[in-house]
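Please work through the exercises below with the sequence and the structure at hand. Each task is followed by a solution in steps.

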Amino acid sequence: MARSTLNEPAFIRLTLITAALGFLGLFLFVPLAALLTEALRKGLAAYLAALEEPDALSAIRLTLLTAAIAVPLNLLFGIAAAWAVAKFEFAGKQILITLIDLPFAVSPVISGLIWVLLFGLQGWAGPWLAAHNIKVIFAVPGLVLAIIFVTVPFVARELIPLMQEQGAEEEEAALVLGASGLQTFLRVTLPNIKWGVLYGVVLCNARAMGEFGAVSVVSGHIRGMTTTLPLHVEILYNEYQFAAAFAVASLLALLALVTLATKQCVEWGAMRRTGGGRAAERGESP
Amino acid sequence: MTIAVNAVTKRFGHFLALTDVNLTIPEGELVALLGPSGSGKTTLLRIIAGLETPDAGTIHFHGHDATTRAARDRQVGFVFQHYALFRHLTVYDNIAFGLRVIPRRLRPSRPAIDQKVRSLLQLVQLDWLASHYPSQLSGGQRQRVALARALAVEPRVMLLDEPFGALDAKVRLELRRWLRRLHDELHVTSVFVTHDQEEALEVADRVVVMNEGRIEQVGTAEEVYEQPANPFVYRFLGNVNLFHGRVHGGRVQIGSIHLDTPEHSGIQDTPAEGYVRPHDIEVDRTAPPAAIGVTVEEIRPVGPVVRLILIRQDGGGRIEAELSRDRHRELRPQKGERLFIRLKQLRLFLKDHRQTPPAP
């Protein structure tokens, strides 16, 4: 429909498309190709060996474990926060929205350091934790805390605008029709936001598994104990085991590709559901 | 079910949405809350529904205090201005929603729910759209689904917030007549909010005129139109002409003419405002007694009537008069022609008094 008014000359279109594709190729596809080439340089057997090595397996397990704890928690928090922000008026709402964004605003190193300051040996709660033999920093709980902090915004950020746009009228309609609070949430709110939830979870998961900075600060880099996949890559690389480092890195790259594919599927799903309906809902033709 | 609103006050921050509102809605009536935007009519409706809580005052349903009762326990049907249909559910599932959330031991059986939904779909003439989603429906169809959904739980009160506000003129007209017929069939006590005076006057048994968080007048369509309680109601319900004058000893002087106003016989030398509807102005070439001379400025045919914009020769400004097509053909006024007008019905409001007794 906009074609007639936006009909640029062919050479401009060609230039723009070439520039965009060239940029993408240079910064996305070339590194990806290089990564895979490097990973397979010593052959498939070496590639698989790098992944089957005990430290690598432990890093995979730890990455899955931390994500399995952090993502559900942030899912709950994200839905609760978005629900509160979008459907209710309360004092301090703006502060809550700002706080949700905080992890995006600070450097991941700071996100790790705060936990060291709180729970490290020289930190506020450090002596008490040490006295009770609880290890947080340089142990799994610290990693989980750091990852939760870094990934707090993903689900909430995704849902707040969505829920604000949808307003509270459908919930009010459900309440007047006799639904309880839980019924309203399960039957009205959740179905309306499910694609947004899924999208937020996918992004949250990608970040939880791929986070390096914050994790690096609290991990202590104990091989086979507190190294997640990104840290394991760094260790291997620093030890000049390039093929192994790239092999493990290819796992993370695969994760990124899976994330993008899932995200695309979610978007298709969301569009098919409301497809065309959005526009028709606004145009009030009888 | 009768609804009694007693001394209800509601504020949002510094904005006073409702001030000491008292209203009784008798069983089985269809009542319109009519007022300009910001007059508090929607707030009052939402308080009756339990979607807002009043800061002061009470709501009684059938004599029982329902002020603190939750919305879900009030057994009201609410139709939202923008329908608020569940967008992820089909028309059928939307209508069934209220029945499916009833606790299991009280819930009707599946076949009973199915039968109920089908009969409601027939009632709103949408059985052929049962498996469609709200986004696939037109505005008028959505509104009917919203009505059916609200009726499914057999509410004791129907509350409708600007039910036809988002529809175009023709669909509005059809739907509001259909709503009136529906009300005559079901006889559920109903309250609807509107800012359209024509809609209120045509559909409602009783019109509640609201302004700035207060009720200005309650009455039948005829009462509020023929005997407005105050200048606001007069101005809000239809077009008016304003005449400034002085009341003295049972007579009012407007420009060059004097008219009798027996109900103000005890009042001496007080400024007053007189209101005349455009169709209560008689236009002629020869001067009747107590006539005001005017010059025709503009002639605008508007559907069934012809609107004349006249300029008073005594310097009192512009006047709008309405002639029927027949009268217009008979008189054939010309632009710039000098004519005379007579006020068939004038309502006087003394300045600094909100209330005056109704004119005879």
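The exercises concern a predicted model and treat its cavities, a surface patch and two backbone angles.

**Exercise 1. Determine how many cavities of 30 Å³ or more the structure holds, and describe the lining of the largest cavity.**

Step 1. Two cavities reach 30 Å³ or more. The largest cavity has a volume of about 100 Å³.

Step 2. Its lining consists of B:Leu30, B:Leu147, B:Leu151, B:Met158, B:Leu160, B:Leu179, B:Leu182, B:His183, B:Leu186, B:His187, B:Val188 and B:Ser190.

Step 3. In chain B, at least two lining residues come from each of helix H4 (139-152), strand E7 (157-161) and helix H5 (169-186). H5(B) gives the largest share, with four residues.

Step 4. Sorted by class, this lining contains nine nonpolar residues, three polar residues and no charged ones.

**Exercise 2. Identify the residues and elements that line the second largest cavity, and classify the residues.**

Step 1. The second largest cavity encloses about 40 Å³ of space. Its lining residues are A:Ala173, A:Val176, A:Leu177, B:Gly77, B:Phe78, B:Phe80, B:Arg149 and B:Ala150.

Step 2. Two or more of these residues are supplied by each of helix H9 (169-176) of chain A, strand E6 (76-79) of chain B and H4 of chain B.

Step 3. The classes are six nonpolar, one polar and one charged.

**Exercise 3. Locate the nonpolar surface patch that includes A:Leu21, and decide whether A:Leu21 is buried or exposed.**

Step 1. The patch is formed by A:Ile17, A:Leu21, A:Phe23, A:Leu24, A:Leu26, A:Phe27, A:Leu28, A:Phe29 and A:Val30. Together these residues have about 960 Å² of accessible area.

Step 2. A:Leu21 belongs to helix H1 (residues 10-39) of chain A.

Step 3. The relative accessibility of A:Leu21 is 56%. Exposed means over 50%, and therefore A:Leu21 counts as exposed.

**Exercise 4. For B:Glu154 and B:Glu162, state the sign of phi, the location and the exposure.**

Step 1. Most residues other than glycine have a negative phi. B:Glu154, however, has a positive phi near 45°, and B:Glu162 has a positive phi of about 40°.

Step 2. B:Glu154 is found in the loop between H4 and E7 of chain B, whereas B:Glu162 is in the loop between E7 and H5 of chain B.

Step 3. With a relative accessible area of 52%, B:Glu154 is exposed. B:Glu162 has a relative accessibility of 8%; buried means under 20%, so B:Glu162 counts as buried.

Definitions and conventions:
Residues numbered from 1 in each chain as written. Chains lettered and ligands numbered in written order. Predicted model: local features only at pLDDT ≥ 70, side-chain atom pairs only at ≥ 80, totals over all residues. Heavy atoms only, no water. 1 Å grid on protein atoms, 1.4 Å probe; cavity = no way out; pocket = protein on both sides within 12 Å on 5 of 7 lines; lining within 4 Å. Points joined across faces, edges and corners; volume = space filled by probe spheres on them. Nonpolar A, V, L, I, M, F, W, Y, C, P; charged D, E, K, R; others polar. Patch = residues over 30% accessible without salt bridge, like charges linked within 9 Å, V, L, I, M, F, W, Y side chains within 5 Å. Areas by Shrake-Rupley, 256 points an atom, 1.4 Å probe, with all protein chains shown as cover. Salt bridge = Lys/Arg side-chain N within 4 Å of Asp/Glu carboxyl O. Buried < 20%, exposed > 50% of the residue type's maximum accessible area, 1.4 Å probe, protein only.
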